[in-house]
Each structure stands twice: as structure tokens, then as C-alpha cells.
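Morning, everyone. Please have a look at the structure on the screen, and then I'll walk you through it.

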Amino acid sequence: MRIQFWGTRGSIAKPGPSTARYGGNTSCIELRSARGTLVVIDCGTGGHSLAQKLITDDAKPLRGNILISHTHWDHIQGIPFFLPFFVCGNEWDIYGPKGVRESLREVLAGQMQYNYFPVTLDQCGAKIRYHDLVEGAFAIDDIKLSARYLNHPALTLGYRLQVDGATVVYACDHEPHARMLALGDATIAGQDLRHAEFIDGADLLIHDAQYTAEEYPEKVGWGHSPAEYVVKLAQYARVKRVALTHHDPLRDDDAMERLIAGVRQHSSPVDVFAAFEGQVVEVAACPGRVASRCEELQAETPVEPARAPRAVLLGVADTRASGAVSVALRAESICTQAFLNIDDGLRAIAKDRPSLAIVDHDPPRTDGIGLCHAIRRQAWDEHGLAVVLVAEQQNEDAGVAAGVSDWLIKPFTAAHARTTIRKWLLRTASKSIKGAVPADQEQRLPPLRVRHTAKSLGSDRSLQRVLQKRADQRDPAISSDKSALLWMYGREIASFDTPTFSKKLGEIIARATSTP
Ligand SMILES: [Zn+2]
Ligand SMILES: [Zn+2]
């Protein structure tokens, strides 16, 4: 297959003499199979030059496909200027991550609203089909693809493409899950291991490498990788070649040369290069080398609200962390529910069958790993409740042993929390549609009604005392409102609520519990 880079810059376009060699346009890649299938991967400002070439050189009418990793501006700003969309007779399929409530089409239309652009998405002359993706497998003509969520403060999909006997993986934007791994001081495990499996055996890995390991401590949580980590990952996953991309807008061409010279000293046997604008790469078939992934789930599973997950439980005592999570939950219209201790929490989970639990792990005050162990021992956990632990540090070995699904490491932003919530809600929803939910059940499931618990998790009273002390230090009116609401909701109202009522009440509780 043939690949051409049309945009290699990250975050914001940076044209000018200091970036002339590696390019100033943001993410855009053209991929063509030997049979001629055209796939554009991301459509940042680099998409403008690609569009000009397609209009000039390609046969008419034009058929093409676009894979969107996520809808941050640097990956979609070329779409309003993508000329083939405005030509009648052309046909395009756009693939990208589905939100919990909004579709890919709705999000893309947002950047072409009246205030931002003079033409709306509906006014494009070409026939455009939109494909909302969750994790899983799909196909575009002769190309087999699989999609997997990356670690970024927006719901982001990485893509693995197999065609003509070769495999290419695109992973932008992505930050290592374990921060110590980003600094080169940890083994690849947990969610980072899943990411390594996703790229395993690729003939070409195109990966976010916006930072260096030295710069990373200042950029924790920004959602990007140090180049040194990418090389280590590629070595571990037996990748043949690596194209570093999503170059930092502050890194000029000379700095790029120094970066690539530095990482090449330790990259053997992987061939590493820094992608530049205009670069063409032929990816040849390598028989016996491709590690074919066998996906159970379909990436185009229609996860509609009526079939979406039913509940989220939240037990986070740390004020700052719970504030960020509460903002994220409110943004997704998610409600709250209280439980008093691990036993109470287990009963609530068994009764309500939530799709996700977000709980503290702050030993000795709160034992999230202990709760996770307890959940995994329950007969009703046969499908594996998603459990995200909020902690100061990731304890990967203990987490894997307990069946922890994911970690939110403090400090984290509301955007990061929201992305983690979306990721696990959609994973659970698509898994349940594929596996556990009978076809005739789909209409009978309640609409998306996600709850989170109040801030109590400890199996003893010490956490309650800490919480009460913190509440006492805040506005007493808020504290008493919160207690009353939680008590009322948890003890009296929960069993009689309606979706509308619980949503409204949940919003009130979330506001009260997130007050700093
Ligand atoms: Zn980006
Ligand atoms: Zn991004």
C-alpha cells in the first residue's frame, strides 16, 4: 500500500521557514491500497492540499473514505475546505468515534455552524455517509480495520489497517496510561499492554510523538507521547518501521533533526523516522509477519441511547478529583446515588447493575482494590463491571490481580475524566449489545440513565468522619443540603424515581457534592 503524509504537525498549524522541512500543516494522511481504495486518515489543515490534488488528478466521480481519530481541531480543520465534498456525484464515507449522546455528524457539523463557517455540512454537494464507531472491527472495501480507544482528553480512536498483506497502525493522539512508562521507568502492563497488542507486528506504526521524555513532566495529562516511549513500545510490539508524527508546534526543523538523531541511537531493530509533509512511504507485504487481530465486536455497533448503559456509581472522597469527575458527569447528564460502605455498594451494584463504577483507592482510608476484588467474587459479575480507580499512583500489578479496568491518576482534568467515562460506557454498551442482551431486549431497556454514588466508600467509619470534617469546613448550608439530598435519594426516593426526576435530582446532588 502507498501512504503519503499531508500534515505532520500537532495541535496547531505552524507554517513558516522554521518548519519548512517537516511541515506546518496538521494531521492528514492519504492511504491507497493496490486496488485503489482511498482512505484519508484525519483531515487537519493538511487535508487542503490533498483535496486540491484529488480534484486535479483523480478520476471523476470520486469515491473516498475518511477516518477521523477524534474531533480536536487539528484533526478536522481541513473538512470545511475539502473540495471533493462540494462536487456533486462524489461519494464519501466518514468514520469516527461516536459520543455517548451526539453523533459524529453532529460534532462535525458544529465547526461549520453559521458563526464559524459560511457553508453548512448539509450544503456539501457530494453524497456523504457518516459511520459512528465504537471499538471493534470493520471493513472498507478490500481493507480490514480495527479501532481501539486511545488515551487522550477526548474520545479518540486508533486505527489498525490491513491490506495487500501489510499492516499499518495509526495512533494519534495518545499518551501512555502509566506516567512512569512515559519517562521510561516502567514495564508495559495493563492498558498500556492492550495498546501494545493493538500495534503488535505492524509493518508501519504512525504514532503521536509530540514530546521528548525530558519535556514530558511539564506535559502530563495533555494526551501526547514522548518519542522515546514510542520507540520502546515499537520494540516491544515487534513493529518494523515507526513514523513519528504530530510534531510539537514549538519544535523547529533543527530541533526535529536532533530529536530523531537522539531516538535512533536506541531504536534498533526498529526503523524510526520523523514523518515530513509530502513524504511518500510504500508499505510492502511481508508474508508471515502480520499478526492478524481477531475482533469479536463490530465497530459500527449502533449504540443508541435506548440501549446504552444504565448506571454509573461514583465513590470519590478527594474533593479536587471528585470535582473534576462531577463536572464530567454533569456534562454527560449523569446522576448520583449514595452508598455507605463496601457491602452497601455491592448491594447497590447487584440491584442496579451499573455499567461503570468510579471509586477511590487511597489506602488505608479507602480500598478501591479491595472493593474490586469483592466485585469480582460476586456471581452477578459474570460480564465484568467496568471499575475505574481514582488514585495518586497506579499500582498495576495489584490492579491486574483485582481486575481493575482502568485508572484515573490524580491530578486529572474534567476532560480526561469525561473521556474515561465515555470510553467505558461505550465499551460496556457495545459489549452488552453484542453478547449479553437478547435481540428482543433492545427495545425494553430503559433510556440512558446513569447514576453516580455519593462520596462514601470506606468499609469503616473513618472515611465518613473525614468527609464530614471536610464538609463542615465548607458552607454548612451546602453540607446539610447534600446530606439531606443523599439521604433522601438513597433511602426514600430511589425506588420510586422516574428517569426525568432522577436526572434532575442527580444534577442537584452533583452540584452540591462538587462545591469546593
Ligand atoms: Zn492532535
Ligand atoms: Zn487531540
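**A covered helix, a zinc pair and a cavity**

Let's start with helix α10. Its buried residues pack against α9 (342-352), β17 (356-360), β18 (386-391), α11 (396-402) and β19. Contact here means heavy atoms within 4.5 Å. Helices (H or I, at least four residues) and strands (E, at least two) are DSSP runs, numbered from the N terminus.

Some ground rules. This is a predicted model, where local features need pLDDT of at least 70 and side-chain atom pairs need 80 or more, while totals for chains, interfaces and linings use all residues. Residues are numbered from 1 along each chain as its sequence is written, chains are lettered from A and ligands numbered from 1 in the order in which they are written, and side-chain values use heavy atoms, leaving out hydrogens and water.

Back to α10. It spans residues 368-376, and seven of its nine residues are buried. Buried means under 20% relative accessible area, with a 1.4 Å probe and protein chains only; exposed is over 50%, and partly exposed is in between. Among the buried ones are Gly368, Leu371 and Ile375.

Next, the zinc ion (ligand 2). Which protein atoms hold the role of donors? They are His70 (NE2), His72 (ND1), His152 (NE2) and Asp173 (OD), at 2.1 to 2.4 Å. Donors are N, O and S atoms within 2.8 Å of the metal (3.2 Å for Na, K and Ca); water is not among the atoms, so sites may look incomplete. The angles among the four donor atoms run from 92 to 171 degrees, and the site is irregular. For four donors, that label means neither tetrahedral (all angles between 85 and 135 degrees) nor square planar (opposite donors over 155 degrees apart, all others between 65 and 115).

Asp173 also bridges to the zinc ion (ligand 1), and the two ions lie 3.5 Å apart. His70 and Asp173 link distant parts of the chain, 103 residues apart. His70 sits in the loop between β4 (63-67) and α2 (73-76), Asp173 in the loop between β10 (166-171) and α4 (179-182). Why does His70 count as buried? Because its relative accessibility is 0%. Asp173 has 2%, so Asp173 counts as buried too.

Last, the largest cavity. A cavity is a set of points on a 1 Å grid over the protein atoms alone, where a 1.4 Å probe fits but cannot get out; lining residues have an atom within 4 Å of a point. β19 gives the most to the lining, with four residues. Thanks!

Note on methods
Tetrahedral: all angles 85-135°; square planar, octahedral: opposite > 155°, others 65-115°.
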